[in-house]
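Got the model open in your viewer? Keep the selection box handy and follow along, one stop at a time.

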Amino acid sequence: MSNENELYKLLLEKLERVEQKVINSAAMNGGFDNLANDVGHIKDTQKEVLDAVKGVKKSLYEPDSGLFSRVRELETESDRRKEFIIESKPALEFSKELVVWKRHADKELEQFEKMQIEFAKLQDWKAGAQRVIWLVATAAGGMWVKHFMDLMMK
């Protein structure tokens with residue numbers, strides 16, 4: 001029996017040591033509770049991060065208002081504008097040529113109008129000069145007739 005007592009004593013000592021380790025263990029003194037709280041907090045944070053990632057994903061990939069769809073719309077609009085520019089560039093060049101032609105035509109028209117005014121003045125002068133010539137010719141004719149009549153009467 002003494003062997004048994006020693007064995008019980010040894011067993012009891014080992015049990016007391018295990019009990020002391022369990023009592024002094026951080027895990028048993030609220031460590032698991034802290035760990036469970038930390039895990040719960042991590043889960044909540046992960047859920048918030050997941051929701052934020054879902055929001056970012058939605059704002060990127062949504063077919064109607066997402067970033068990629070807006071970029072695609074802008075690219076389409078840019079291509080359409082580029083086509084318009086390519087189509088309208090020859091017309092723009094033609095309009096530049098027309099502007100130069102119009103300036104030249106305006107100058108020529110102004111010169112033509114000046115020439116018309118000068119021509120009208122020349123016509124007025126010609127009409128006046130013709131009157132003077134007719135007057136001089138009539139007077140000369142009258143003088144010739146008078147001189148011829150004087151010769152005949154003598």
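Start by selecting Lys146 and Asp150: these two sit four residues apart in helix 3, so about one helical turn separates them. Show their side chains and you'll find a salt bridge, with the closest N and O atoms 3.3 Å apart. Salt bridge here means a side-chain nitrogen of Lys or Arg within 4 Å of a carboxyl oxygen of Asp or Glu. Lys146 is exposed at 52% relative accessibility, while Asp150 is partly exposed at 41%. The cut-offs for those words: buried is under 20% relative accessible area, exposed is over 50%, and partly exposed lies in between (1.4 Å probe, protein chains only).

A word on what you're looking at: this is a predicted model, where local features need pLDDT of at least 70 and side-chain atom pairs count only at pLDDT 80 or more, while totals for chains, interfaces and linings use all residues. Residues are numbered from 1 along each chain as its sequence is written, and side-chain values use heavy atoms, with hydrogens and water left out.

**Zoom out**

Now switch to cartoon and show the whole protein. Which elements do you meet from the N terminus on? The run is α-α-α, with three helices and zero strands. Helices (H or I, at least four residues) and strands (E, at least two) are DSSP runs, numbered from the N terminus.

Turn the model around for its overall dimensions. The C-alpha atoms fill a box of roughly 210 × 25 × 20 Å along the principal axes. The radius of gyration is 60 Å, whereas a compact globule of 154 residues would come in near 15 Å. That radius is taken over C-alpha atoms, and the globule rule is 2.2 Å times the number of residues to the power 0.38.

How much of the protein is buried? Just 1% of the 154 residues count as such. The protein exposes about 14,900 Å², and carbon and sulfur atoms supply 64% of that. Accessible areas come from the Shrake-Rupley method with a 1.4 Å probe; for residues, only the protein chains shown count as cover.

**Two distances to try**

Select Trp125, found in helix 3. Trp125 is exposed, at 62% relative accessibility. Draw a C-alpha to C-alpha line from Trp125 to Val39: they are 86 residues apart in sequence and 115 Å apart in space.

Next, pick Gly142, also placed in helix 3. Gly142 is partly exposed, at 37% relative accessibility. From Gly142 to Lys14 there are 128 residues along the chain, and 173 Å between the C-alpha atoms.

**Charges**

Color by charge. The protein has 25 positive and 27 negative charges, and their mean positions are 12 Å apart. Lys and Arg count as positive, Asp and Glu as negative; His and the chain ends are not counted. Each charge is placed at NZ of Lys, CZ of Arg, CG of Asp or CD of Glu.

Select Glu75, Asp79, Glu83 and Glu87, which gather in a patch of negative charge on the surface. Glu83 belongs to helix 3, which covers residues 67–153. Patches are made of residues with over 30% relative accessible area and no salt bridge: like charges are joined within 9 Å, and nonpolar side chains (Val, Leu, Ile, Met, Phe, Trp, Tyr) within 5 Å.

**More salt bridges**

Side chains of opposite charge can pair when their charged atoms come close. How many salt bridges are there? The count comes to six.

Select Arg81 and Glu77, whose side chains meet in a salt bridge at 3.1 Å, N to O. The two are four residues apart in helix 3, so they are separated by about one helical turn. Arg81 is exposed at 52% relative accessible area, and Glu77 is partly exposed at 27%. Add Arg80 to the selection: Glu77, Arg80 and Arg81 are linked in a network of salt bridges.

Then go to Lys114 and Glu110, a salt bridge with its closest N and O atoms 3.8 Å apart. Again the partners are four residues apart in helix 3, about one helical turn. Lys114 is exposed at 53% relative accessibility; Glu110, at 45%, is partly exposed.

**Last stop: a nonpolar patch**

Finish with Trp144, Val145, Phe148, Met149 and Met152. They form a nonpolar patch on the surface, with about 560 Å² of accessible area together. Click on Val145, in helix 3: Val145 is partly exposed, with a relative accessible area of 43%.
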